[in-house]
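Thank you all for coming. I would like to walk you through one structure this morning, and I will take it one region at a time.

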Amino acid sequence: MSDLDQLTQSLARNLKRWRGERGFTLDALAARAGVSRGMIIQIEQARTNPSVGTTVKLADALGVSITTLLDYEQGPHVRLVPREQAVRMWSTDRGSSTTLLVGAEARGPLELWAWTLMPGDASASDPHPDGTTELLHVTAGELTLVVDGTDHRVPAGTSAVFESNVPHAYRNDGTEAVEMTMAVSIPPVR
């Protein structure tokens, strides 16, 4: 199989997959991308090799990178993220921090975070899009989880789940560091 044939097959497979993941009909994707329904059908059937401009429009409409649409990978995709490649997103002088451990885009973004909150520190968040859910598990200390103005004490060994489409915050009112792992599920773009 030539490189062009492999690219055409990968684009066909990935376009169909991501259109399904996002729940878009052919007409809905055509309208979002500004690409004809007929062109999308030809691409999904691997009968044409679209221009870069068309491919970018489709990727943008699906909310994925062009690299994701052109990915040659077949079968289960496993991505390992070594500790040194995890991304520290927030930190304080006291030693509090959040680290994005790994994320995925299937059926909307999914993120896994490692948190450290030192005594007296807090991190507030604006509301996320409707349908966003956060799950967390405290492994050390006692977290004060504030959701829409209400405090919830979450001691070590306890887990919590909540819809985060309201103002929320994570606070350490205790005397020892809070350690927790958190997953955030964000609904797909519709």
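Let me begin with what surrounds helix H4, keeping in mind that this is a predicted model. The cover over the buried residues of H4 includes helix H1 (3-22), helix H2 (26-33), helix H3 (37-44) and helix H5 (66-69). As for the helix underneath, which spans residues 52-62, the buried residues in H4 are Thr54, Thr55, Leu58, Ala59, Ala61 and Leu62. Viewed down the axis of H4, these buried residues fall within an arc of 165°, so they line one face of the helix. On the other side of H4 we find Val52 and Asp60, and both of them are exposed.

Is Val56, which also belongs to H4, buried or exposed? Neither word quite fits, because Val56 has a relative accessible area of 33%, which makes it partly exposed. Val56 also joins Val52 and Ile66 in a nonpolar patch on the surface, and together the three have about 220 Å² of accessible area. Just after H4 comes Gly63, which takes a positive phi of about 75°.

Now I would like to turn to another region, where Asp121 sits in the loop between strand S3 (110-117) and strand S4 (122-125). Although it lies in a loop, Asp121 is buried, because its relative accessible area is 8%, and the cut-off for buried is under 20%. Leaving aside residues up to four places away in sequence, Asp121 touches Thr92, Arg94, Ser96, Tyr170, Arg171 and Asn172. With one of these, Ser96, the side chain of Asp121 makes a polar contact of 2.4 Å, side chain to side chain.

Terms used:
Residues are numbered from 1 along each chain as its sequence is written. This is a predicted model: local features need pLDDT of at least 70, side-chain atom pairs count only at pLDDT 80 or more; totals for chains, interfaces and linings use all residues. Side-chain values use heavy atoms; hydrogens and water are left out. Helices (H or I, at least four residues) and strands (E, at least two) are DSSP runs, numbered from the N terminus. Buried means under 20% relative accessible area, exposed over 50%, partly exposed in between (1.4 Å probe, protein chains only). A polar contact is a pair of N or O atoms within 3.5 Å; within protein, one must be able to donate a hydrogen and the other to accept it, and residues adjacent in sequence count only if both atoms are side-chain atoms. Contact means heavy atoms within 4.5 Å. Patches are made of residues with over 30% relative accessible area and no salt bridge: like charges are joined within 9 Å, nonpolar side chains (Val, Leu, Ile, Met, Phe, Trp, Tyr) within 5 Å. Accessible areas come from the Shrake-Rupley method with a 1.4 Å probe; for residues, only the protein chains shown count as cover. A salt bridge is a side-chain nitrogen of Lys or Arg within 4 Å of a carboxyl oxygen of Asp or Glu. The arc is that of the directions from the helix axis to the C-beta atoms.
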